[in-house]
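This report looks at how two protein chains and two DNA strands are arranged with respect to one another. Please keep the sequence and the structure at hand while reading.

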Protein chains: 2
Amino acid sequence: MPPSPSPSPSRDRILDAFEELLTEQSERAATLDAVAARAGVSKGGLLYHFSSKDALVDGILERLQRLVDDDLERMRTAPAGPVDYFVRSSVSSQSALDRTVIAAARLAQGANPKARASLSSMQGGWLALLESAVSDPIAAKAIMLVGDGIYYNSVLLPETASVVRDDAEMDRLVALVLEIAARPR
Amino acid sequence: MPPSPSPSPSRDRILDAFEELLTEQSERAATLDAVAARAGVSKGGLLYHFSSKDALVDGILERLQRLVDDDLERMRTAPAGPVDYFVRSSVSSQSALDRTVIAAARLAQGANPKARASLSSMQGGWLALLESAVSDPIAAKAIMLVGDGIYYNSVLLPETASVVRDDAEMDRLVALVLEIAARPR
DNA sequence: GTCTATATTGCGATAGAC
DNA sequence: GTCTATCGCAATATAGAC
């Protein structure tokens with residue numbers, strides 16, 4: 001019998017509930033009561049698995065770290081190249097990574113120092129990879145900023161129509177960004 | 001005697017205090033108690049000028065509206081053109097507009113619908129102006145996303161070193177963005 | 001592991017004196 | 001116009017039964 005990958009099934013359900021409340025509503029809405037209710041346990045039950053709210057935050061940030069590492073690996077080996085992969089994957093809200101990034105962003109906005117440090121290091125990872133794929137470092141930065149902009153819009157203005165309206169617009173945006181990437185230094 | 005532009009001196013001091021707590025700390029830190037203390041009045045004194053926290057939010061959003069209108073006018077008439085003006089003015093945290101935008105962004109992140117609507121309309125104004133200055137609409141959008149990205153970084157990762165490290169890097173970034181703007185459709 | 005109290009603190013808002 | 005005092009509520013966390 002292999003060691004169970006997730007020590008407890010409720011632990012993950014609680015973490016999912018916390019993440020959902022953060023992304024779908026707000027940092028303020030993600031109270032212990034609300035998380036417990038959504039996860040289908042009592043507050044006491046929740047606090048058995050995560051002994052404080054801070055422990056809950058740590059849980060999200062560990063999940064983020066894991067997902068970011070996986071993403072960087074996929075970006076590194078993407079068939080259409082890292083730049084194409086990066087921009088397309090910036091259209092938020094779909095993947096598990098997107099959800100966890102948004103959750104962490106809400107915590108960072110709530111002035112949580114650990115969350116800010118995690119996001120900062122995550123961004124450093126992406127920038128480093130973009131810089132290795134693009135000859136001009138300033139172009140790499142501009143590309144990262146476009147991706148950040150797309151994220152920012154979906155984080156801050158969730159119920160607004162997405163900045164990037166549809167697939168056709170996304171294709172044209174990717175084409176433009178690839179042009180920037182190919183630009184000689 | 002002209003009508004006083006600001007009906008009450010403490011009213012503005014209270015609004016400044018609210019804005020400072022939002023930008024320097026977080027939405028959660030900007031409690032009525034904290035705002036009153038920083039403005040140098042009692043909680044009762046604060047509530048005489050703003051009868052609820054929602055009224056305080058409205059005060060910030062009205063200030064934002066006024067500052068955005070001024071900014072769009074300056075961008076329209078900027079000597080080096082709207083694109084140059086837009087990107088340079090995205091390096092956040094200096095002007096009165098920057099501070100108020102960040103304050104509104106914190107409120108938007110706290111799921112405040114009015115704040116989200118204000119930021120959305122503000123963004124619409126900038127995008128429309130960029131589109132009128134740049135022949136390719138997708139280039140206009142990319143330029144706006146770069147600006148948004150710079151903002152997003154200073155909002156979410158305030159104590160991290162700015163993404164745009166120094167004036168030299170900013171000049172190279174502006175040059176790149178102007179290249180994008182000049183790109184034929 | 002999960003539950004029901006309950007202690008404690010902090011917040012938004014009201015009431016009424018000055 | 002500014003103050004103090006206080007109510008009502010919600011949030012984090014603890015204690016201890018099952």
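## Contacts to DNA strand D

In this predicted model, a backbone N or O atom of L32(A) is placed 2.9 Å from a phosphate oxygen of DNA strand D. Chain B also reaches the phosphates of this strand: a polar side-chain atom of Y48(B) lies 2.5 Å from a phosphate oxygen of DNA strand D, and for H49(B) the corresponding distance from a polar side-chain atom to a phosphate oxygen is 2.6 Å. The elements that contribute two or more residues to the surface near DNA strand D are α2 (32-39) and α3 of chain A, together with α3 of chain B. Of these, α3(B) gives the most, with 4 residues.

Altogether, 14 residues surround DNA strand D, and the closest are K43(A), K53(A), S42(B), Y48(B) and H49(B). Of the atoms of DNA strand D that come within 4 Å of the protein, 57% belong to sugar and phosphate. Sorted by class, the surface near DNA strand D holds 4 nonpolar, 7 polar and 3 charged residues.

## Contacts to DNA strand C

DNA strand C is surrounded by 13 residues, and the closest are S42(A), Y48(A), H49(A), L32(B) and K53(B). Within 4 Å of the protein, 59% of the atoms of DNA strand C are part of sugar or phosphate, while the rest belong to bases. By class, the surface near DNA strand C has 4 nonpolar, 7 polar and 2 charged residues.

Which atoms of S10(A), S42(A) and K53(B) approach the phosphate oxygens of DNA strand C? For S10(A), a polar side-chain atom lies 3.3 Å from a phosphate oxygen of the strand, whereas S42(A) uses a backbone N or O atom, at 2.5 Å from a phosphate oxygen. From chain B, an N or O atom in the side chain of K53(B) is 2.6 Å from a phosphate oxygen of DNA strand C. The elements that supply two or more residues to the surface near this strand are α3 (43-49) of chain A and α3 (43-49) of chain B, and α3(A) gives the most, with 4 residues.

## Relation between the two chains

Chain A can be superposed on chain B with an RMSD of 0.1 Å by a turn of 180 degrees, combined with a shift of 0.0 Å along the axis. The two copies are therefore related as by a two-fold rotation axis. In chain A, the C-alpha nearest this axis is that of G149(A), which lies 2.0 Å from it. The same surface serves both copies, as 100% of the contact residues of chain A recur in chain B.

## Architecture of chain A

Chain A contains 9 helices and 0 strands, and its pattern along the sequence reads α-α-α-α-α-α-α-α-α. Taken along the principal axes, the C-alpha atoms of chain A fill a box of roughly 60 × 40 × 30 Å.

Of the 185 residues of chain A, 51% count as buried. Among contacts in chain A between residues at least 6 apart in sequence, 66% join residues at least 24 apart. The accessible surface of chain A comes to about 8,300 Å², and 54% of this surface belongs to carbon and sulfur atoms.

Technical notes:
Residues numbered from 1 in each chain as written. Chains lettered and ligands numbered in written order. Predicted model: local features only at pLDDT ≥ 70, side-chain atom pairs only at ≥ 80, totals over all residues. Heavy atoms only, no water. Near = heavy atom within 4 Å. Polar contact = N/O pair within 3.5 Å; in protein donor to acceptor, adjacent residues only side chain to side chain. Nonpolar A, V, L, I, M, F, W, Y, C, P; charged D, E, K, R; others polar. Least-squares fit on C-alpha atoms with pLDDT ≥ 70 in both. Contact = heavy atoms within 4.5 Å. Buried < 20%, exposed > 50% of the residue type's maximum accessible area, 1.4 Å probe, protein only. Areas by Shrake-Rupley, 256 points an atom, 1.4 Å probe, with all protein chains shown as cover.
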